[in-house]
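Open the model in your viewer and keep the selection box handy. We will go from stop to stop, and at each one you get something to select and a note on what is there.

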Amino acid sequence: MSRALCLAAILAVAAPTVVVAQTYTTSDQTIRQIWAEGMNSSQAYKLAQVLSDSIGPRLTGTPGIKRGNDWLVATYRSWGVDARNEQYGKWKGWRRGTTHIDLMTPRVRTLEGTLLAWSAGTGGKDVTAATVILPEVADSSALVAWLSQAKGKFVLVSMPQPTCRPDDNWRQFGDSVSFARMRAMRDTATTRWNARVTATGYALGLGTGTLGKRLQEAGVAGVIASRWSNGWGVNKVFDSRTDKVPSVDLSCEDYGLVYRLTENNQGPTLRVRAESEFLGDVPVFNTIATIKGSQKPDEYVMLSAHFDSWDAGSGTTDNGTGTITMLEALRILKKIYPNPKRTIVVGHWSGEEQGLNGSRAFAADHPEIVKGLQALFNQDNGTGRIVNFSASGFTTASGNLAKWMSNIPAEIARNVNLSFPGAPAGGGSDNASFVCYGAPAFGLGATSWDYGTYTWHTNRDTFDKIVLDDLKNNATLTAMLVYLASEDPETLARDKRVFDQGPDVRRPANALGGPQSWPACTEPLRDYSQYRR
Ligand SMILES: [Zn+2]
């Protein structure tokens, strides 16, 4: 080894920065610069930490999301990017405070749980009461006859899980016969519990629903639910409609404990102290950032990710990571590609979790953008690197996607499965709000990292779940795609795939994914009063 080479080797070992290998398929200087900025000067970690830890969850209608909207605007403006909060409606204003749930008898234990979104608290005091299990009733009038027994008590409305061990744990360690027996028992219990709820004539919805509201009218102390997410320590925590008494979600383990104590007449009492505040109707906003196009200002390339979240965790992977992907991509673009050919617009949507409301409202309010949309890239399924990119049912445009992807460095592109022609999103996330108009809107699909079980809408959707290399990959890819779509000499054609495959097609009806006809647009909800489950 020559002296110089030897010195270089030592320096390379000593250098703190990890130099990522690059295998370009393109000589495009802008792509090279985007790579360098996105991979070696990333701000993704810093931005995600502020959003996730300091701002926290962003339930629509809360001070938390408004603080987040204002932070987005300030962040964009600090980079010299035009940004604004655009009101699209109003929503039930609500502030979450602290929740403390304790088992007081027959023994003391502090329980793991939290108030459901939009639930009343306990009005600044402790509420201590016995528990009662939702009974099996013949019909709604039998429920009403029973209600006097629930007065002043906490009502348990969810099925207790026979086990809080995830199935993969059973599969790994369980005797196959006992695993099968447990599953059969659980299936039967689930069916019976669902029938028990249905017989009341009310529904739990995603939380405590109309049943919770009816129990509240009967003067219960509160409603106790548990929506286990089939993994260690995870519950999905949604909303309630109890505005006078608390609705809380308990962990799988602690709900089971309270349920068994109640079922076996072992005298459980719970003490709940929960703070929350109703703030009346408040305005709700999408945050929109724009870099004006220099040659085709009336054609638009959009970056899209919903900004709102459920609020039992930090909303980190749903959809903090999508948010940071778009925010960081725009930071990169403003630095490397500040004079785009077409207008670049970022949409950080609110109200997605209650029905894509922010993006649907934006599309309805901005027909000129829908009309001039060259391409929209949406990301909303967790922290993973992008592995799926579909042409959303646009046939001619499939070729443009292929062309763009062929310009993406192999380190990023090798992970991505392209689907042509693919199928349009009928819902699920905000690209659906644009594709329903026949506008080219694409979803960037991430690898799972057990998103559905562990972070999606759960109490464990927190900063530590971010996979930073994947997040940097996604921001860099998105910046490159936006640049390529903006520079494309062609405006994307909007001709759509054929759905009429006939009844005798051998493959499953949705082998290409998605609906069997082009999805129709849906009116956004611009007011909480329109929101019913
Ligand atoms: Zn989401």
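**First stop: a loop residue**

Select Asp450, which sits in the loop between strand S14 (441–446) and helix H16 (451–455). Helices here are DSSP runs of H or I with at least four residues, strands are runs of E with at least two, and both are numbered from the N terminus. Asp450 has a positive phi of about 55° although it is not a glycine. With a relative accessible area of 44%, Asp450 is partly exposed (buried is under 20%, exposed over 50%, partly exposed in between, using a 1.4 Å probe and protein chains only).

A word on the ground rules: this is a predicted model, in which local features need pLDDT of at least 70 and side-chain atom pairs count only at pLDDT 80 or more, while totals for chains, interfaces and linings use all residues. Residues are numbered from 1 along each chain as its sequence is written, and side-chain values use heavy atoms, with hydrogens and water left out.

**Second stop: another positive phi**

Now pick Asn265, in the loop between helix H9 (252–263) and strand S8 (269–291). Asn265 is not a glycine either, yet its phi is positive, about 50°. Its relative accessibility of 72% makes Asn265 exposed. For background, most residues other than glycine have a negative phi, and most peptide bonds are trans.

**Third stop: the zinc ion**

Which residues coordinate the zinc ion? Show His306 (NE2), Asp318 (OD) and Asp380, which gives two OD entries; the distances are 1.9 to 2.8 Å. Donors are N, O and S atoms within 2.8 Å of the metal (3.2 Å for Na, K and Ca); water is not among the atoms, so sites may look incomplete. Along the chain the donors follow the spacing H-x11-D-x61-D. Asp318 lies in helix H10 (residues 316–336) and Asp380 in the loop between strand S11 (373–378) and strand S12 (386–390), 62 residues apart. Both Asp318 and Asp380 are buried.

**Fourth stop: cis peptide bonds**

Stay at Asp318: a cis peptide bond joins it to Asn319, with omega about 5°. Asn319 is in helix H10. Then jump to Thr105 and Pro106, where the peptide bond is cis with omega near 0°. Pro106 is in the loop between strand S1 (82–105) and strand S2 (109–111).
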